[in-house]
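Let's take a walk through this protein, one feature at a time. Have the model open and follow along.

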Amino acid sequence: MLTIASKAKRFNCITVKWSLDVQQLADKRAVLIIIDGMADRPLIDHDYKTPLEFANTPNMDRLAKGGLVGQLDPISPGIRAGSDVANLALLGYDPAKYYTGRGALEALGAGMELRPGDVAFRCNFATVDDDFRVEDRRAGRIRKGASKLAKVVDAIKIDGVPGIKTIFKATVDHRAVLVLRGEKLSRMISDTDPKEEGAKIAISRGLDGSEEAKRTSAAVNEFVKRSHEALREHPLNQERANKGEKAANIVLTRGAGTIPNLPSFKSMFDLRGCCISGTPMVQGIAMAAGMEVVDVKGATGGIKTDYEAKAKAVIEGSKDKNFVLVHVKAPDIAGHDGDFKGKVRTLEEADGLVGHIIDEVDIGLNYVALTADHATPVGYGAHTGDPVPIIIGGPDVPASRVLKLSEASAARGNLGRIRGLDLMPIITDLVGRSRLYGS
Ligand code: ZN
Ligand code: ZN
């Protein structure tokens, strides 16, 4: 049997920060790092390399070398997963059973109160022309002043559909959340965001023929119209126009959702979990699962985030929790933007965070898993159904001896190919907390 010291050595861990007392041996911890949109496809212009192959990622590589490496299908092979269903699956919640729309997860993560019967939406500040044609779905990725704009949108009253209150809050960059509160609402309605530039905004419609869906879609259509009236003359948009920036002159809605009913993470896996993420949707899932959501100053959920603060939060969080979820958003943004260099850079920055974590978490005793919620190839600008790499490092796992983590080396790894829903049972088993099936 390997000694703890030699196990640590296998991962090149020099520092062992925690004392090796009996309690600690009994209570192994796991850290799950989710790098949003990490996986990619080889690009002709870049020597048939993916951004991950191109990036200098010594820490991910050393985690891979000493650990299990394989491929993971977030949902199942070829399914293009949204981040919401993929993150649910990675945390062990079958989306087919538990998914009730993204808007509700965003609302929870944004710290908004959500009641049974409310319908919540993911929103974007966007730019439209006088014909309601979308010029920019993200209003030039507006960063400053969105909360000022949100104030006037929050004050909107819907007159055409009685008995519905609107609550609106800006979250990260151009993103925001809308909650509709009132009698007889339904999440079974379509989006007003056409999801492509150059197209006219879409008219929301009921999807199941119910009166509730009809009423809710009418309310949403009025809300979007009123948001344009409230925003187009806003002084901040005049300022933006003077600077040659895109006006944030409308709010578009998508992902109608109601509060999810998740069994607690503790009851599912006997793990005390906490979540470190700047992304409201991920925070929302963690909250719905009863995990502690650590407020990390500087974790923005955007392209620039404070990785050092995040690493410190992981170390802190793992002192009284035995499961820490760390989510990194930036590579997905670079993937959507088709920005190869940006994706390489954000992967390298994420690698620095991985380095901090594996140095501090004492991988001779505890487990660190790293994967993505889906691929966001830069050549495609959207999520694809490709498998993503998965690494699980820690004691008692066979070393893959993979030298460089990549999509291709993951396919040749020693873990094989698993689904998102398989991950938590594997982690739970490794940390010694899974229940015996049968007798
Ligand atoms: Zn994602
Ligand atoms: Zn994405």
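**From a ring cluster to the zinc site**

Start with Phe-223: its relative accessible area is 0%, so this residue counts as buried. Keep in mind that you're looking at a predicted model. Phe-168 is buried too, at a relative accessible area of 6%.

These two belong together. A search of the whole structure turns up six aromatic pairs. In the pair made by Phe-168 and Phe-223, the ring centres sit 6.0 Å apart and the planes meet at 40°, so the pair is classed as tilted. Phe-168 comes from strand S5 (residues 164-170) and Phe-223 from helix H9 (residues 211-232), so to speak a link between distant parts of the chain, 55 residues apart. Add Phe-125 and you have a cluster, with ring pairs linking Phe-125, Phe-168 and Phe-223.

Now for the nonpolar interior. Which residues touch the most other members of the largest nonpolar core? They are Phe-265, Phe-323 and Leu-370, in a core of 92 residues. Helix H15 (residues 340-360) is the biggest giver here, with eight residues in this core. The core also takes at least three residues from each of domain 1 (28-99 + 261-430) and domain 2 (107-257). A second core, separate from that one, has 37 residues, among them Phe-121, Ala-146, Leu-149 and Ala-150.

Zoom in on Phe-323 for a moment. Leaving out residues up to four places away in sequence, its contacts include Ala-30, Leu-32, Leu-91, Phe-265, Met-291 and Met-424. Arg-272, Gly-273 and Cys-274 are also among the residues that Phe-323 touches.

Last stop: the metal. The zinc ion (ligand 2) is held by two OD atoms of Asp-332, plus NE2 of His-336 and NE2 of His-383, at 2.0 to 2.4 Å. Why is the arrangement called irregular? Because the four donor atoms subtend angles of 55 to 149°, whereas a tetrahedral label would need all angles to lie between 85 and 135 degrees. Along the sequence, the donor residues follow the spacing D-x3-H-x46-H. His-336 sits in helix H14 (residues 330-336), while His-383 is in the loop between strand S11 (367-371) and strand S12 (388-393), so the two histidines tie together parts that are 47 residues apart in sequence.

The two histidines fall into separate burial classes: His-336 is partly exposed, at 26% relative accessibility, and His-383 is buried, with a relative accessible area of 12%. Finally, look for the zinc ion (ligand 1), which is 4.3 Å from the zinc ion (ligand 2).

Terms used: Residues numbered from 1 in each chain as written. Chains lettered and ligands numbered in written order. Predicted model: local features only at pLDDT ≥ 70, side-chain atom pairs only at ≥ 80, totals over all residues. Heavy atoms only, no water. Donors = N, O, S within 2.8 Å, 3.2 Å for Na, K, Ca; no water. Tetrahedral: all angles 85-135°; square planar, octahedral: opposite > 155°, others 65-115°. Helix = DSSP H or I, 4+ residues; strand = E, 2+ residues; numbered from the N terminus. Buried < 20%, exposed > 50% of the residue type's maximum accessible area, 1.4 Å probe, protein only. Core = buried A, V, L, I, M, F, W, Y, C linked by side-chain atoms within 4.5 Å. Domains from an automatic or database assignment. Contact = heavy atoms within 4.5 Å. Phe/Tyr/Trp six-rings, centres within 6.5 Å; stacked < 30°, edge-to-face > 60°.
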